[in-house]
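Student: Hi! I've just opened this one and could use a hand finding my way around. Can we start with the pockets?
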Amino acid sequence: MFYRENGQFKSSYRADQQIFPIAQDRIAMLVLLLVAFVVVPLGVSDYWMRAILTPFLILSLAALGLNILVGYCGQISLGTGAFMAVGAYAAYNFQVRIDGMPLIASLLLGGLCATVIGVLFGIPSLRIKGLYLAVATLAAQFFTDWAFLRIQWFTNNSSSGSVSVAGLNVFGVPIESPVQKYLFCLLFVVVFALLAKNLVRSAIGREWMAMRDMDVAAAVIGIRPVYAKLTAFAVSSFIVGVAGALWGFVHLGAWEPAAFSIDRSFQLLFMVIIGGLGSIMGSFFGAAFIVLLPLFLNQLPGWLGFSISTALASHLETMIFGALIVFFLIVEPHGLARLWSTAKEKLRLWPFPH
């Protein structure tokens with residue numbers, strides 16, 4: 001009843017191809033942005049800002065980058081944590097070695113360094129795919145773990161590999177309070193989500209999806225596999241590198257290579273699978289699910305009137321993650337985003353059965 005296209009006529013191709021062609025979607029997105037930028041900073045506690053919302057935004061950005069590579073181009077990657085680490089440590093070096101380097105420039109340059117490493121480890125995708133490519137990208141994880149622990153130049157001669165940043169500011173405005181950090185990350189997420197959405201709708205996005213669906217047929221119709229695959233690795237690594245820099249600078253403040261371990265890579269892959277492969281919205285759904293599920297599991301025993309140990313709660317979380325991944329792969333391979341899309345389609349047709 002409230003989600004219909006009746007009376008919404010399109011008189012140009014540009015109007016028909018806009019990101020949100022239905023007026024209700026545009027209104028809902030504007031309301032969501034208003035809530036995120038105005039209502040949340042005014043009505044949410046500092047704990048939620050610091051421990052839940054800021055990590056959710058940064059992990060959503062990293063999942064968005066991984067989704068471009070895995071969901072849209074079909075190239076399996078298990079080295080996402082490595083590219084996050086490259087972005088974080090590169091941004092740190094730009095920040096401490098160049099006097100007066102702006103914070104945003106450091107973050108973006110960290111993403112560019114992650115792009116170089118991502119393309120370098122993406123070169124094997126020109127010859128191998130599937131499980132073999134996953135193992136090749138996994139090599140990036142072990143290489144970066146070794147490099148940031150053993151080569152002290154990357155950590156400004158820190159023997160433990162841990163580094164720290166302080167006194168963040170943008171154009172003289174300090175980024176210190178949880179609300180300021182939340183809004184700073186939110187701006188990055190909104191800008192990159194808009195760029196990613198337009199990229200996947202463009203010619204290069206269609207090339208990525210053609211390579212994902214059938215690379216041989218894509219090559220036959222004139223798509224260059226070298227260009228398509230390496231651009232997917234480049235864009236994905238850049239976004240993931242910026243997310244890694246935000247994770248280190250804004251969320252952690254001080255970090256070591258263990259903050260970007262292989263567990264982080266698997267966590268991001270779980271987000272993409274559960275949220276929905278090949279979906280911008282799915283990246284946010286997956287990140288919300290992964291961030292909120294541990295909180296729900298910790299609170300559930302108290303709601304039911306009994307308590308469980310922290311170790312048992314951790315094991316249950318791992319088991320539920322695994323069960324849900326198997327469930328989504330079997331029942332709904334496109335994840336939560338597909339369920340959301342199906343619900344919207346039903347609302348557009350309701351109450352008619354077809």
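Student: What volume does the second largest pocket have?
Tutor: Happy to help! Keep in mind that this is a predicted model. The volume of the second largest pocket is about 290 Å³.

Student: Which residues lie nearest its centre?
Tutor: Those are Val86, Ala90, Cys113, Phe148 and Phe154, out of 15 residues that line the second largest pocket. Helices H4 (80-97), H5 (103-122) and H6 (131-150) each give two or more residues to this lining. The largest share, six residues, comes from H4.

Student: And how does that lining split by class?
Tutor: The lining of the second largest pocket has twelve nonpolar residues, two polar and one charged.

Student: OK, what about the largest pocket, how much space lies in there?
Tutor: About 1,800 Å³. The largest pocket is lined by 47 residues, and the closest to its centre are Phe20, Met29, Ile280, Met281 and Trp340. Among the helices that each supply at least two lining residues are H2 (23-43) and H12 (280-304). By class, the lining of the largest pocket divides into 33 nonpolar, ten charged and four polar residues.

Student: New topic: how many disulfides does the structure hold?
Tutor: Zero.

Student: Why does Cys113 have no bond to Cys185?
Tutor: Cys185 has the closest cysteine sulfur to that of Cys113, but the two are 20 Å apart, so they are too far for a bond. A disulfide needs the sulfur atoms within 2.5 Å.

Student: Are those two cysteines buried or exposed?
Tutor: Cys185 is buried, at 0% relative accessibility, while Cys113 is partly exposed, at 26%.

Technical notes
Residues are numbered from 1 along each chain as its sequence is written. This is a predicted model: local features need pLDDT of at least 70, side-chain atom pairs count only at pLDDT 80 or more; totals for chains, interfaces and linings use all residues. Side-chain values use heavy atoms; hydrogens and water are left out. On a 1 Å grid over the protein atoms alone, a cavity is a set of points where a 1.4 Å probe fits but cannot get out, and a pocket is an open set with protein on both sides within 12 Å along at least five of seven lines; lining residues have an atom within 4 Å of a point. Grid points are joined across faces, edges and corners, and a volume is the space filled by probe spheres set on the points. Helices (H or I, at least four residues) and strands (E, at least two) are DSSP runs, numbered from the N terminus. Ala, Val, Leu, Ile, Met, Phe, Trp, Tyr, Cys and Pro count as nonpolar, Asp, Glu, Lys and Arg as charged, and the others, Gly among them, as polar. Buried means under 20% relative accessible area, exposed over 50%, partly exposed in between (1.4 Å probe, protein chains only).
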